[in-house]
Amino acid sequence: MFAFIVQRLFQAILVMLVVGIISFALFRFTGDPVNNMLGPEATIEQREALRERLGLNDSVPVQFINFIGNAAKGEFGLSYRVGKPVEELIATTLPATIELVFVSALMALLIGVPMGVYTGLKRHAALSRVFLTVSLIGISLPTFVIGILMILIFGVWLGWLPTFGRQGVVDLGVWQTGLLTLQGWSHLIMPAFTLALFQLTLIMRLVRAEMLEVQRTDYIKFAKARGLRNRAINYGHALKNTLVPVITIMGLQVGSLLAFSIITETVFAWPGMGRLFLQAIQFVDIPVMSSYLMLMAFFFVMINLTVDLLYYAVDPRLRAETLGGAAH
Amino acid sequence: MRLRKGLFAAAALAAVVGFAATGEAKTFRYATTGDILGLDPHANNEGPTNTMKGNIYGRLVHRQPDLSLEPDLATEWNRLDDTTWRFKLREGVTFHNGNPFTADDVVYSFKRQTQEASEMSFALASVEDITKVGEHEVEITTKGPDPILLLNLPNFYIVDQEFMEENNAFEVVRGAGKTNFANLNANGTGPFRLQEWVQDNRLVVVPFEDYWGKDQLMTNVTEAVFTPIPNDATRVAALLSGEIDLMYPVPLQDVQRLDQDPNVEVVQGPELRTIFLGMDQWRDELLDMPGSGKNPFKDVRVRKAFAHAIDLKAIQRVVMRGASTPTGLMIAPGINGFQEDMNTPYAYDPELSKKLMAEAGYPDGFPVTFDCPNDRYVNDEAICTAIVPMLERIGVDVTLNAQTKSLHFNKIGRAEGNNTSFYMLGWTPGSYDALNVLQNIITLGEEGSGQGAWNSGRYSNERVEELHDLIAVTVDEDERNALIREAFQIHKDEVGHLPLHQQALAWGVRTDTIEEVIQRPFNDVDLRYVVMK
């Protein structure tokens, strides 16, 4: 088990390096940061001097090695756009993104799984049909359209919720959280739901399909034959066996929640990492872009590691194999 | 239990904040597309950033909404000779931290703003030195006679020497190196002082209690909250829902909708930036015609044909939805040196264009690539897309190359050796004077002088070059104006560039909370001119 985790950590480093190399190779195509940093009236000498100071005249591999070298020392450089250390920018935006992703993943699970179970068990109920139709909308509308629609309905027409930003934040020292105040939640709820909607419908449809599948298996039939109560069969046996694919998908989806948060954060002016990254792209802010991409690579590997470990918890067969007790 | 206490405390806090906002306090909330780049007044030269600096920092002279100048930290000034000026400084002024303002601060600010890393150094490029004469008097010597020194001084921001030195913040830091203290903290003499800045989230300023000109201030704002909202639709929604009192820019397609709301008004006015097209007039062979040995743009008849082929009124009506002013000059009304009678655009006359093309020897046209930004100016790509068929009508085979601004400016700029034949660009003269346009766009100067930095088609006329040098040192106003006139006349007759229009500013303002706000033509909100109900 321990060896497995160590091996995965080495993989993480490898993935981060590869992501770094690819992103550095691509930065050349996003344009010249010097154009954005200096105004149009800067002279050619000023431009050249800045290029030299930023190390932009070095070849791409040299730039990459310098970045890795500094990163190993814990220095990620200063943002070209705002002149602040990248680690500081990430530290202030990370809590916003993590809370947004965490709340929307929870929403997706807590709403999606029960809806999936219900539609799986009561296939012909009217409510099931409603759920399925609504889920079609959730799956087919792009995130930003849903976000803007929600802003229009709940922010502009009804005036119930604030339309943008993140306020009501409580400073806990290292972490600034918006989860402790009503105001914080009022700002969080719309972006979180917007982000969750796609995952929610995906999980619902997945659970439904799995439930239908499991219902037909022999052990459920035998369980019924033994006279177990429906409740025990549905939740104790059937649901548990549908969860392995749900966990896999959810793991992958948390990654894409992080990725999709770029759009949601922009629509809701949410001060998170996704928006930081988008602005970095527009400004060709190389230190921020590279640090963000590497961090995302790290997150993806970690999420997948967590998913693998969760398999052990859910599926007893895997535990048996690693103990050497599997006999085929 | 502890958690619940925390919750109660937080809820109580939220309630207090909410109450304060609805009570007597006059909080002004406004939003635009992006956050400021930093608070260091000498680091960045960028629209929203400069505006915020202007609320917090004092200048020797301040530019009013009608572009005229008024005394700020200097009370009076006179010219001793062609290159020497004396400025009397205002007495009894204090910085936000309580330090007194003296001549030393002006001298220090000059040294700080003119260092190489400062992007604001352009404003003081003509200044040789600033020396202290008395505790409240300085002398400015210029490198040569400088007729527009005063016009540049609103971009000279005064910082507190003591404050900067205490924090070891003399050096302007950009990109590489350590964090710049001055970029994160502010201490000026302006009417507002910084209270809080959370990057990309909100910036809060409050009135400075000891501001020297407190009694003359128009504003009654007790707190101003600036929020960047990048998404157009969200910004519109925030205004409609009343969460903000003002926002800009209003997307052109939303102007009508916002005007329909009884509590919202869209305030429009012309901007000072002129959008124009440029043509390669220096290569012997056009980039798109390799092997031909010809560059059609060198022929003034071809340039004229282009000028008469572009229907500016159609662009104004269809692409800009009326929110632009077609122009015939490279500078906007309000800029020093503007010539009202020369501002008539070239007449739209495709038949004449075809004739001119035939005379020039291109009856069947020629191929050309049209470089255009797609995220810099209002509807920039749409304008270019509209121009393509207009030129195709006279036989020119146009390939549109629209791309993001950082790539576009690289391509047409000196970085890639003006790798363009036909391009779009917009320009606002930073000094609000015609010389700036002549210097950057219309002349070349000597190689390596930095002149003609954005003359990407390298238009050059001997007489205009001469005139530029004269205009730079002529102090007499009438004489100088005549020279400017002559330069623009030659440029216009030769069709050096194709001016398109000035785009319009559009601000969305809530009329139920805002009594009055004065819109300056630089598309920024000077908090001095915001009055709440």
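Start by selecting B:Asp200 and A:Arg81: their side chains meet in a salt bridge, with 3.0 Å from N to O. Keep in mind that this is a predicted model. The rule finds one salt bridge across the interface of chain B and chain A. It also finds seven residue pairs in polar contact there.

**The side of chain B that touches chain A**

Stay on chain B and colour its elements. Six of them each supply at least two residues of the side that touches chain A. Select α1 (2–22), α6 (181–184) and β12 (223–228) of chain B. Then add α7 (232–240), α13 and α14 (434–442) of the same chain. Which element gives the largest share of this side? It is α7(B), with five residues. Now colour this side of chain B by residue type: 24 residues are nonpolar, 20 are polar and eight are charged.

**The whole interface**

Zoom out and show both chains. Chain B brings 52 residues to the contact, and chain A brings 51. The size of an interface is often given as the accessible area lost when the parts come together. Between chain B and chain A, about 4,100 Å² is buried. Carbon and sulfur atoms give 56% of that area.

**Helix α13 of chain B**

Next, select residues 405–412 of chain B. This is helix α13. Why is α13(B) largely enclosed by the rest of the structure? Because six of its eight residues are buried. Pick them out: B:Ser406, B:His408, B:Phe409, B:Asn410, B:Lys411 and B:Ile412. Now look at what covers them. The cover includes α2 (33–37), which belongs to chain A. From chain B, it includes the strands β16 (367–373), β17 (397–403) and β18 (422–427).

**B:Ser121**

Move to B:Ser121. Find it in the loop between α3 (103–113) and β7 (127–134) of chain B. Is B:Ser121 buried or exposed? It is buried, because its relative accessible area is 16% and the cut-off for buried is under 20%. Show its contacts, leaving out residues up to four places away in sequence. B:Ser121 touches A:Gln46 in the other chain, plus B:Gln113, B:Thr114 and B:Gln115.

**Helix α12 of chain B**

Finish at residues 380–392 of chain B, helix α12. Put a distance label between its end C-alpha atoms: they are 19 Å apart. At 1.5 Å a residue, the 13 residues should span 18 Å, so the two values agree. Now select the buried residues of α12(B): B:Asp380, B:Ile383, B:Cys384, B:Ile387, B:Val388, B:Met390 and B:Leu391. As you turn the view, recall that an α-helix has 3.6 residues a turn, so residues three or four places apart point the same way.

Key. Residues are numbered from 1 along each chain as its sequence is written. Chains are lettered from A and ligands numbered from 1 in the order in which they are written. This is a predicted model: local features need pLDDT of at least 70, side-chain atom pairs count only at pLDDT 80 or more; totals for chains, interfaces and linings use all residues. Side-chain values use heavy atoms; hydrogens and water are left out. Buried means under 20% relative accessible area, exposed over 50%, partly exposed in between (1.4 Å probe, protein chains only). Helices (H or I, at least four residues) and strands (E, at least two) are DSSP runs, numbered from the N terminus. Contact means heavy atoms within 4.5 Å. Buried area is the accessible area (1.4 Å probe) that two parts lose on being put together, summed over both. A salt bridge is a side-chain nitrogen of Lys or Arg within 4 Å of a carboxyl oxygen of Asp or Glu. A polar contact is a pair of N or O atoms within 3.5 Å; within protein, one must be able to donate a hydrogen and the other to accept it, and residues adjacent in sequence count only if both atoms are side-chain atoms. Ala, Val, Leu, Ile, Met, Phe, Trp, Tyr, Cys and Pro count as nonpolar, Asp, Glu, Lys and Arg as charged, and the others, Gly among them, as polar. The expected span of a helix is 1.5 Å times one less than its number of residues.
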